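I am opening a notebook on this structure and will write down what I looked up, entry by entry.

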Amino acid sequence: MGYTNQREYTVIHRCGGCGKKMPFVSTRRFRVNANKNKLDIWLIYQCRRCRHTLNIPIYERVSLRKIPAELYEKFLANDEDLAMQYGCDAAWLKGLRFVTGQ
């Protein structure tokens, strides 16, 4: 995918474990949750210090039909290239109001 030479962004967020703003790094894993016929998909980040997790939303409350089958399978398989693609996308993170750093 071309993301092997790029660095994933660190997210600065208030940590529930540490109690203050801390750097979070991507675990390169997704969480997929189904609630009836709606899906939520998150990229999981983890506090560098205490390993408390932060789920950054990719899809929230969408129908499975709205996600291409090949993409959905990649989320389920924790595709590392796809996780890197999201982790290297500063515009996506900033659009969700997460402060980024490298």
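**Entry 1: two rings.** Are Phe30 and Tyr86 buried or exposed? I looked both up in what is a predicted model, and I note that Phe30 is buried and that Tyr86 is buried too.

**Entry 2: the chain as a whole.** I then stepped back to the protein chain, whose secondary structure comes to three helices and five strands. Reading from the N terminus on, I find the elements in the order β-β-β-β-α-α-α-β. Of the 102 residues, 38% count as buried, and the accessible surface comes to about 6500 Å², with 44% of that area belonging to carbon and sulfur atoms. Along the principal axes, the C-alpha atoms fill a box of roughly 40 × 35 × 25 Å. I also checked the radius of gyration, which is 14 Å and agrees with the value near 13 Å that a compact globule of 102 residues would have. For contacts between residues at least 6 apart in sequence, I noted that 51% join residues at least 24 apart.

**Entry 3: aromatic pairs.** A search of the whole structure gave me five aromatic pairs. One of them is Phe30 with Phe75, an edge-to-face pair with 4.9 Å from centre to centre and 80° between the planes. Because Phe30 lies in strand β2 and Phe75 in helix α1 (residues 69-76), this pair ties together parts that are 45 residues apart in sequence. I looked up the accessibility of each partner and found that Phe30 is buried at a relative accessible area of 7%, while Phe75 is buried at 1%. The rings of Phe30 and Tyr86 have their centres 6.5 Å apart and their planes at 85°, so I enter this pair as edge-to-face. Here Tyr86 lies in helix α2 (residues 80-87) and Phe30 in strand β2, so the pair ties together parts that are 56 residues apart in sequence. Taking the rings together, I record one aromatic cluster formed by Phe30, Tyr59, Phe75, Tyr86 and Trp92.

**Entry 4: strand β2 and Pro23.** Staying with strand β2, which covers residues 21-35, I turned to Pro23, which is found in that strand. How far apart in space are Pro23 and Asn35, C-alpha to C-alpha? I find 30 Å between them, for a separation of 12 residues in sequence. Pro23 counts as partly exposed because its relative accessibility is 23%. Leaving aside neighbours within four places in sequence, I list Thr10, Val11, Ile12, Gln46, Cys47 and Arg48 as the residues in contact with Pro23.

**Entry 5: the β3-β4 hairpin.** Next I followed strand β3 (residues 38-47) and strand β4 (residues 53-63), which run antiparallel and are joined by eight bridges. As one example of a bridge partner, I noted that Ile44 is matched with Asn55 in β4. The two strands form a hairpin with five residues between them, and in the turn Arg51 has a positive phi of about 70°.

**Entry 6: cysteines.** How many disulfides does the structure hold? My count is zero. Cys18 is in no disulfide, and the nearest cysteine sulfur, that of Cys50, is 3.7 Å away. Why does Cys50 form no bond with the closest cysteine sulfur? That sulfur belongs to Cys15 and is 3.4 Å from the sulfur of Cys50, which is too far for a bond, given that a disulfide needs the two sulfur atoms within 2.5 Å. I close the entry with the accessibility of Cys50, which is partly exposed at a relative accessible area of 35%.

How values were computed
Residues numbered from 1 in each chain as written. Predicted model: local features only at pLDDT ≥ 70, side-chain atom pairs only at ≥ 80, totals over all residues. Heavy atoms only, no water. Helix = DSSP H or I, 4+ residues; strand = E, 2+ residues; numbered from the N terminus. Buried < 20%, exposed > 50% of the residue type's maximum accessible area, 1.4 Å probe, protein only. Contact = heavy atoms within 4.5 Å. Pairing = 2+ DSSP bridges. Rg over C-alpha atoms; globule rule 2.2 N^0.38 Å. Areas by Shrake-Rupley, 256 points an atom, 1.4 Å probe, with all protein chains shown as cover. Phe/Tyr/Trp six-rings, centres within 6.5 Å; stacked < 30°, edge-to-face > 60°.
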